[in-house]
Amino acid sequence: MLASNIQRDQQGRLCFAGQRIEKLAQEYGTPLYLMDEDRIRLNCRMYLNAFRESFGENALPLYASKAASFLQMYRIMAEEGMGVDTVSQGEIFTALRAGFPTEKITFHGDGKTDEDIRFAVENRVGCIVVDNETELGCLEAEAEKQGITQKVLLRITPGIDPHTYEAVNTGKIDVKFGVPIADDQALHFVEKAISMHALDVEGLHCHVGSMVFDEMVFEDTVDVMVAFMKELYNSFNFVTRKLNLGGGYGVRYRENDKVIDIPARIQTLAEHMKKRVAEAGLTMPMVLMEPGRSIVADAGMTVYTVSTVKHLKNFKNYVIVDGGMADNPRYCLYRSAYTVLPGKVAEEGREEIFDLVGRCCESGDILQPGVALPADISRGDLVAVCTTGAYNYSMASNYNRLGRPPVVMLEQGKSRLAVRRETPDDLCALDM
Ligand SMILES: *Cc1c(COP(=O)(O)O)cnc(C)c1O
């Protein structure tokens, strides 16, 4: 199986986190997002331990909450001692309402509005990652107005190609995020930031992309960033106290995807960084990283009920389910690969190839093309899409006026709602 929390019982029925999906589908209905809470906590502890061991006691992983954002998720992160990253007022608000400690919230984004900045400063988020010089000016004015010193990191574009797909590539020189080191642009950005009285520039931030499998990407990023830290020290006597290396470790969506040993990677990265920092004659900054996908992706599974099976003779077979691009737009957006599993195994193992498609009125509403499913699959059967914990619920829409599915947490053999299903009333709630 793709992950240790996916199993089949003796009758061949699909189980997730030790619970039968058929039973969960009966209780909560479909489409249904399942989240393995035990796995989320394990993933957090994996990062926390690896960080402490490799980078020391003060290092901190931040959960990039855009991967999956709702109250119970921030509570889990608070309990585990993680920091969180937010990218909007909505995410900050949700974290605060969940009682998440303010000082461990970081606020990101390349398009923060005046209102966003006011909200973040007013609520005293621990750190704001400043994307550009325009934002720097607005933030300085707001912090001054509110009479506080705002801690900030400056987002730098190191010019590293993460060798991943274009839509999630954020570190190359010409992306829309941050300020490039090239042509001294970042040097001037830092100079301006450290001259501002209401801002405390604690250090630098970078994030080169998502779904990174290549070992060298983070090492190369460290090389560029440490060289830049050295330049800042030489030019302005500026000491980089914090360095945030972003998120991005890849996860396995299919069995032939590589397994990444994250603690081992972090250890190698830490050794590499300590060496580079020593060579540069600098002192090690506090290291932060902000994984999203690798915390929650393998903790998720989406369960659907088959509505129709179509055999277009000599062309194609379709399995149409009761969800689709509204609850998971990732194939439509990025051609993302997924593993699809039937609720029960095929009789005598007879399978056929189907396109798994959704119910939205779009030909492009495809969850995954070319998947093997039981040849006799029919209306009422269950189908599961694996590894949907990241960027599924958080990217869901109400397209076709579909209510978003509930999120059900699975913990120690029990289940409970984290987000309830949207009702027709919810769908009309904002209409005047
Ligand atoms: C999206 C994002 C992350 C998280 O990336 P993952 O691939 O989910 O680990 C971290 N940092 C920033 C700035 C991001 O935009």
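**Exercise 1. Describe the pairing of strands S1 and S2, then place them in their sheet.**

Step 1. Strand S1 and strand S2 (residues 14-16) are joined by three bridges, and they pair in the antiparallel sense. The model examined here and in the exercises below is a predicted one.

Step 2. Pick out one pair of residues: arginine 8 stands opposite leucine 14 in S2.

Step 3. Widen the view to the sheet. It is an open sheet of three strands in the order S1-S2-S3, with antiparallel pairing. Its edge strands are S1 (6-8) and S3 (19-20), each of which pairs on one side only.

**Exercise 2. Find the strands that pair with S9 and state the sense of each pairing.**

Step 1. Begin with strand S8 (residues 127-130). S8 and S9 are parallel and share three bridges. Across this pairing, isoleucine 128 stands opposite valine 152 in S9. Between the two strands the chain passes through helix H6 (residues 133-145), and this β-α-β crossover from S8 to S9 is right-handed.

Step 2. Go on to strand S11 (residues 199-205). S11 and S9 run parallel and are joined by six bridges. Valine 152 has valine 201 as its bridge partner in S11.

Step 3. Add strand S10 (residues 179-180), which pairs with S9 over two bridges, again in the parallel sense. Here isoleucine 156 stands opposite valine 179.

Step 4. Check how covered S9 is. Strand S9 spans residues 150-157, and seven of its eight residues are buried.

As background, strands of a sheet pair through backbone hydrogen bonds, either parallel or antiparallel.

**Exercise 3. Describe the surroundings of the ligand and its contacts with serine 210, glycine 248 and glutamate 290.**

Step 1. Count the shell. The ligand is surrounded by 14 residues, and the closest are Lys66, Ser210, Glu290, Arg293 and Tyr391.

Step 2. Sort the shell by residue type: three are nonpolar, seven polar and four charged.

Step 3. List the distances.
- Serine 210: an N or O atom of its side chain is 2.2 Å from an oxygen atom of the ligand.
- Glycine 248: a polar backbone atom is 2.9 Å from an oxygen atom of the ligand.
- Glutamate 290: a polar side-chain atom lies 2.7 Å from a nitrogen atom of the ligand.

Step 4. Consider the cover. On its own the ligand has 390 Å² of accessible area, and the protein covers 92% of it.

**Exercise 4. Decide whether serine 210 is buried or exposed, and locate its neighbours.**

Step 1. Serine 210 lies in the loop between S11 and helix H8 (216-236).

Step 2. Its relative accessibility is 11%. Buried means under 20%, so serine 210 counts as buried.

Step 3. Compare sequence with space. Serine 210 and glycine 248 are 38 residues apart in sequence, while their C-alpha atoms are 4.0 Å apart.

Step 4. The side chain of serine 210 also makes a polar contact of 2.9 Å with the side chain of arginine 293.

**Exercise 5. Classify threonine 388, arginine 124 and asparagine 237 by their accessibility.**

Step 1. Threonine 388 sits in the loop between strand S19 (382-386) and strand S20 (407-411). Its relative accessible area is 4%, so it is buried. Its side chain has a polar contact of 2.8 Å with the side chain of threonine 302.

Step 2. Arginine 124 belongs to the loop between helix H5 (114-122) and S8. Its relative accessibility is 42%, so it counts as partly exposed. Although arginine 124 is not a glycine, its phi is positive, about 60°.

Step 3. Asparagine 237 is in the loop between H8 and strand S12 (242-244). With 58% relative accessible area, it is exposed. Asparagine 237 is not a glycine either, and has a positive phi of about 60°.

**Exercise 6. Describe the backbone at glutamine 412 and at proline 31.**

Step 1. Take the hairpin of S20 and S21 first. S20 and strand S21 (residues 414-419) pair in the antiparallel sense over five bridges, and valine 407 stands opposite valine 419. Two residues lie between the strands of this hairpin, and glutamine 412 takes a positive phi near 50°.

Step 2. Turn to proline 31, found in the loop between helix H1 (21-28) and strand S4 (32-36). The peptide bond leading from threonine 30 to proline 31 has omega near -10° and is cis.

Methods: Residues numbered from 1 in each chain as written. Predicted model: local features only at pLDDT ≥ 70, side-chain atom pairs only at ≥ 80, totals over all residues. Heavy atoms only, no water. Buried < 20%, exposed > 50% of the residue type's maximum accessible area, 1.4 Å probe, protein only. Helix = DSSP H or I, 4+ residues; strand = E, 2+ residues; numbered from the N terminus. Pairing = 2+ DSSP bridges. Right-handed = clockwise from strand over helix to strand, strands pointing away. Near = heavy atom within 4 Å. Polar contact = N/O pair within 3.5 Å; in protein donor to acceptor, adjacent residues only side chain to side chain. Areas by Shrake-Rupley, 256 points an atom, 1.4 Å probe, with all protein chains shown as cover. Nonpolar A, V, L, I, M, F, W, Y, C, P; charged D, E, K, R; others polar.
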